[in-house]
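User: I'd like to learn how to read a few features of a protein model. Could you walk me through them?

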Amino acid sequence: MSSPARFDRGHTDDLMTFLTASPSPYHAVANAAERLEKAGFRQLSETDAWDAGTGGKFVLRGGALIAWFVPEGAAAHTPFRIVGAHTDSPNLRVKPLPDTGSQGWRQIAVEIYGGTLLNTWLDRDLGLAGRLTLRDGTERLVNVDRALLRVPQLAVHLDRSVNSDGLKLDKQRHMQPIWGLGEAHEGDLIAFLEEEEGLDQGSVAGWDLMVHSIEPPSYLGRDRELVAGPRMDNLLSVHAGVAALAAVSTAGKLDHIPVLAAFDHEENGSQSDTGADGPLLGNVLERSVFARGGSYEDRARAFAGTICLSSDTGHAVHPNYGERHDPTHHPRANGGPILKVNVNQRYATDGSGRAVFAAACERAGVPWQNFVSNNSMPCGTTIGPITAARHGIQTVDIGVAILSMHSARELCGADDPYLLANALVAFLEG
């Protein structure tokens, strides 16, 4: 993987498989864990004592995963090299009392998660996925990956101004999907899922459920040089990070500890026990230091020498809205990963971080691009500044340039996922 060839599609084919199999953050981390286990990593429990053993390890909590590889001879103060990403995507999530309806239609009550483009969920065949918590405390992943739900748009005959004045959607009134006819009855949805999963009636005590488009990812364009698919923001980076960490675990001697940190809840501020603004990453890194016999001094030394690449999707220049982009920074599809810069610290990149990223791309033979926002447009943010501020870790914000960010179906260049993964390998190898 360290010597990439353009138009290698094996990685992108595998990304499409990963996207399809990961309709929720819980599925994403389960699939990532399965891939890491095949690469020789082993899962640790947060409630167990950790040993000083070498090799690949990972921790799962909800929709988050922290994985790391301890090389032979690693000292307690050995620094980390971290790839950061997030597992969640904007979508529609099921409310605590899901069964509702109106005018003879049975509907599911949903809440808007993150900054989703509402119109992209209209008139799509939607499935339902997430996790069920049973009365005995165990959890069960569920994925109804067939046409179950639909958010119907109002016909143009009943909204004659829609094409002239624009579509206006009310998050509460207009986004509740239908799933049948008749009267709504409390408990119908959960009873349906219990039947789907072969569970006893009444065995589900809690749920975290969300809708997803059942249309699979696909290549697009005359030369199939583009990829359209769901949840690229940011499972594209999670997938690349898993591939890179597995690759470096078979490399030669490392003078640092490579880490993948895939967080949940980035799309709504990262403030949760599984988000980047929570204690999960810091706890895991510290426990790794202490398990190797380290002191607080060793922890401080390790963190001081640590660097993180925060990998999240960014904006490719849009052919129909070129004026919305900075006039001198136009990231393009298949141009390689982007380095994100914002002097107001919406991104954490500085000049020394730029040098680290440029060196990794040079070693990998990967082209890269610069991204800044138009000064007249507000700039988005990522887990990068949160990671830097919370842990005192030097952080660089990067990613892949896409179109249709936060749509139910996004678009990127077919080469870029592979190029990103190779840049991450070079970075983790150091």
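Analyst: We'll go through a strand, some aromatic pairs, the cavities and one histidine, bearing in mind that this is a predicted model.

User: Let's begin with strand S13. How many of its residues are buried?

Analyst: The cut-off to keep in mind for buried is under 20% relative accessible area. In S13, residues 257-263, seven of the seven residues are buried, so the strand is largely enclosed by the rest of the structure.

User: Which residues sit on each side of S13?

Analyst: Ile257, Val259, Ala261 and Phe263 are on one side, while Pro258, Leu260 and Ala262 are on the other. Both faces are covered, with every one of those residues buried.

User: Which sense, parallel or antiparallel, does S13 take with S3, and which with S4?

Analyst: With S3 the pairing is antiparallel, over four bridges. With S4, residues 80-86, the pairing is parallel and runs over seven bridges. Leu260 is a handy spot to look at: Ala67 stands opposite Leu260, and so does Val83.

User: On to the rings. How do I read an aromatic pair?

Analyst: You describe a pair of aromatic rings by the distance of the centres and the angle of the planes. This structure holds six such pairs. Take Phe41 and Phe69: their centres are 6.3 Å apart and the planes are at 50°, which makes a tilted pair.

User: Where in the chain do Phe41 and Phe69 come from?

Analyst: Phe41 is in the loop between H2 and strand S1 (42-43), and Phe69 is in strand S3. They are 28 residues apart, and the pair links distant parts of the chain. Phe41 is buried at 4% relative accessible area, and Phe69 also counts as buried, at 16%.

User: What kind of pair do Trp179 and Phe192 form?

Analyst: The planes of Trp179 and Phe192 are at 70° and the ring centres 5.6 Å apart, so that pair is edge-to-face. It joins strand S9 (residues 178-181), which holds Trp179, to helix H4 (residues 188-196), which holds Phe192, across 13 residues. Trp179 counts as buried at 17% relative accessibility, and Phe192 is buried with a relative accessible area of 17%.

User: What about empty space? How many cavities of 30 Å³ or more are there?

Analyst: For a cavity, look at the volume, then at what lines it. The count here is two, and the largest has about 150 Å³ of space. Its lining has 22 residues, and the closest to the centre are Ser89, Pro90, Asn91, Trp121 and Arg231. Strand S5 (91-102), strand S10 (204-213) and helix H5 (232-248) each give two or more residues to that lining. S10 has the largest share, with four residues. By class, you get nine nonpolar, eight polar and five charged residues.

User: And which residues line the second largest cavity?

Analyst: That one has a volume of about 50 Å³. Its lining includes Leu44, Trp50, Asp51, Lys57, Trp68, Val70 and Arg292. Strand S3 (64-70) and helix H6 (280-291) each supply at least two residues. The lining divides into six nonpolar, two polar and three charged residues.

User: Last one: is His27 buried or exposed?

Analyst: His27 counts as buried because its relative accessibility is 9%. This residue is found in helix H2, residues 25-38. Leaving aside residues up to four places away in sequence, His27 touches Ala21, Ser22, Ala129, Gly130, Leu141, Val142 and Asn143.

Methods:
Residues numbered from 1 in each chain as written. Predicted model: local features only at pLDDT ≥ 70, side-chain atom pairs only at ≥ 80, totals over all residues. Heavy atoms only, no water. Buried < 20%, exposed > 50% of the residue type's maximum accessible area, 1.4 Å probe, protein only. Contact = heavy atoms within 4.5 Å. 1 Å grid on protein atoms, 1.4 Å probe; cavity = no way out; pocket = protein on both sides within 12 Å on 5 of 7 lines; lining within 4 Å. Points joined across faces, edges and corners; volume = space filled by probe spheres on them. Nonpolar A, V, L, I, M, F, W, Y, C, P; charged D, E, K, R; others polar. Pairing = 2+ DSSP bridges. Phe/Tyr/Trp six-rings, centres within 6.5 Å; stacked < 30°, edge-to-face > 60°.
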